[in-house]
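Colleague: I've just opened this one and would like to talk it through. Could you walk me through the reasoning behind the labels?

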Amino acid sequence: MSELVAQSEQYPLFGADLFAPEALRNPFPHYAAIRDLGAVVRLKTPDVLVIGRYQDVVKALQSPTILVSGKGVGFNDFVNQPIPEPGILNSDGERHKALRSALMKQLSPAALSPLRQMLKDMIDQQIRHIVDTGTFDGVTEIAMHLPLSAVSELVGLPEQDRAKMLRWASASFNTVGVIERDGEIMPEMRDDLATASEVRDYLANLNPDTFMPGSWAAAQFDQVRSRGMTIGDARSSIRAFVIPSLDTTIYATGNLLYNLARHPDQYQLLRQDPSLIPGAVFEGVRHSATVRWFARVAVEDYAEGDVFIPKGARVMILYGSANRDPRKYENPDRFDVRRSPRDQLGWGAGPHLCAGMNLARMEMETLLEALVQHVDRIEADEPTLGTNRGLFGIDALPMRLIAA
């Protein structure tokens, strides 16, 4: 891979390390530099190509037969190693369609609609419980509330395993990135690599009889019994419930809370006109995209517009960069709830559009509905920004809710 990239001198070189802690905490200046360098840029670390402009990212994500996911979506051999029954994230073609179709039986808007009032009641009760109580951590008290109290139960793992889901998800996304330094595994990555291996083994050996009846996971095995899926397919589908359903929404919610606290005028717009809430969720995901990047591999030469990726090359797709591209969005660094960018790429595009997007939207919308009803003002101190190698977001957010 790196030899294919290195033999071409047509790509401008970006020398900064996107996986350095400070770059992970504040990637946006690096994204801007990459966009300004060209349509395709070569990274020094890791030695891959990168696409960061909005239109080019859209076209790349809509070219799944050339830029494939099945050769691994990460940037190290551990996460990219072939597995016998790949999941929805790292599969292509008919297998990907079949796995996605099975997931959408639980995650389509129609299937999720009956859950909305339950989620609204749960977050409404939580907001009323913490409003005017002084300073608290917005991540643990708000952003985690619905994913941990509702979504993990809907997935239906045994109770002792549900407690591990957050750790499993964090480690799985963290191991997407660069994990070696000078040919050795970084010490800070060893625990997460062990955890990622743990969840792989767990998911590969799931017992259909251990799930809560009527749960999302149990529904996958119901399709095995009806001969609609193999047991391997069901286990692969359940991975998409276990891994992406928590951290991605938690980070997106924390980012949204911080943006509303930093921009009180925007929060007041929501209070004055709650019809802006759905668009505000899209704007939150656009402005502070949680998923940083995934990789694709060119199985043949890819040429689209100003983008050329040679056959065999691994390319980094920068979702967060595309969402801040001034070629697409006016004043893209500004958080504006009136923008309503439904074409933003924080949830991807093309056949790999996030399967859980409708659930994440519902969780965030019901939160905003509860906030505008009970809270006059959101205040926040400086957040603790995370350094997860796959996800951008806030690990801790000291904040206060002032009652309406």
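Modeller: What follows is a chat about helices, sheets, hollows and a couple of backbone details. Keep in mind that this is a predicted model.

Colleague: Fine, let's start with helices. Why are H17 and H20 called roughly perpendicular?

Modeller: Helix H17 (residues 264–272) and helix H20 (residues 357–374) pack at an angle of about 90°. Angles of 65 to 115 degrees count as roughly perpendicular, so H17 and H20 get that label. Their axes are 9 Å apart.

Colleague: Which residues make the contact?

Modeller: On the H17 side you have Tyr 267, Leu 270 and Arg 271, and on the H20 side Leu 368, Leu 371 and Val 372. By class, that contact has five nonpolar residues, one charged and no polar ones. Arg counts as charged, while Tyr, Leu and Val count as nonpolar, so Arg 271 is the charged one in this contact.

Colleague: What else does H20 lie across?

Modeller: H20 lies across S12 and S15, and runs at about 110° to S12.

Colleague: Those two strands belong to a sheet, then. What makes S5 and S12 edge strands?

Modeller: Strand S5 (136–137) and strand S12 (375–380) each pair on one side only. The sheet is open, has three strands in the order S5-S15-S12, and its pairing is antiparallel.

Colleague: How do you know that S12 and S15 are paired?

Modeller: Two strands pair if there are at least two bridges between them. Five bridges join S12 to strand S15 (residues 398–403), so the pair passes that cut-off. In this pair, Glu 379 stands opposite Arg 400 of S15.

Colleague: And what is the strand order in the sheet of six strands?

Modeller: That open sheet runs S1-S2-S3-S11-S8-S4, with mixed pairing. Its edge strands are strand S1 (13–14) and strand S4 (67–68), each pairing on one side only.

Colleague: Why do S1 and S2 count as paired?

Modeller: Two bridges join S1 to strand S2 (residues 41–43), and the two run parallel. The cut-off is at least two bridges, so S1 and S2 count as a pair. Leu 13 has Arg 42 of S2 as its bridge partner. Helix H4 (residues 54–61) packs on this sheet too, touching strand S3 (49–51), S4, strand S8 (293–298) and strand S11 (314–318). The direction of H4 makes about 125° with that of S11.

Colleague: On to the empty space. What makes a hollow a cavity or a pocket?

Modeller: A 1.4 Å probe fits in a cavity but cannot get out, whereas a pocket is an open set. Searching the whole structure turns up one cavity of 30 Å³ or more. The largest cavity has a volume of about 50 Å³.

Colleague: What lines the largest cavity?

Modeller: Its lining is Ile 123, Ile 142, Ala 143, Leu 146, Pro 147, Thr 249, Thr 253, Glu 363 and Leu 367. Helix H9 (138–143), helix H10 (145–155), helix H16 (247–262) and H20 each supply at least two of these residues. By class, the lining has six nonpolar, two polar and one charged residues.

Colleague: And how much space lies in the second largest pocket?

Modeller: About 490 Å³. Of its 25 lining residues, Pro 46, Phe 75, Val 178, Ile 179 and Glu 180 lie nearest the centre. Helix H5 (77–80) and strand S6 (180–181) each supply at least two residues of that lining, and H5 gives the largest share, three residues. The classes are 12 nonpolar, four polar and nine charged.

Colleague: What is the peptide bond from Thr 45 to Pro 46, cis or trans?

Modeller: It's cis, with omega near -10°. Pro 46 sits in the loop between S2 and S3.

Colleague: Last one: what makes Asn 331 worth a remark?

Modeller: Its phi is near 50°, a positive value in a residue other than glycine. Most residues other than glycine have a negative phi. You'll find Asn 331 in the loop between helix H19 (319–322) and H20.

Conventions: Residues are numbered from 1 along each chain as its sequence is written. This is a predicted model: local features need pLDDT of at least 70, side-chain atom pairs count only at pLDDT 80 or more; totals for chains, interfaces and linings use all residues. Side-chain values use heavy atoms; hydrogens and water are left out. Axes are lines fitted to C-alpha atoms, for helices over the stretch in contact, and angles run from 0 to 180 degrees between N-to-C directions. Helices (H or I, at least four residues) and strands (E, at least two) are DSSP runs, numbered from the N terminus. Angles under 35 degrees count as roughly parallel, over 145 as roughly antiparallel, 65 to 115 as roughly perpendicular and the rest as oblique. Contact means heavy atoms within 4.5 Å. On a 1 Å grid over the protein atoms alone, a cavity is a set of points where a 1.4 Å probe fits but cannot get out, and a pocket is an open set with protein on both sides within 12 Å along at least five of seven lines; lining residues have an atom within 4 Å of a point. Grid points are joined across faces, edges and corners, and a volume is the space filled by probe spheres set on the points.
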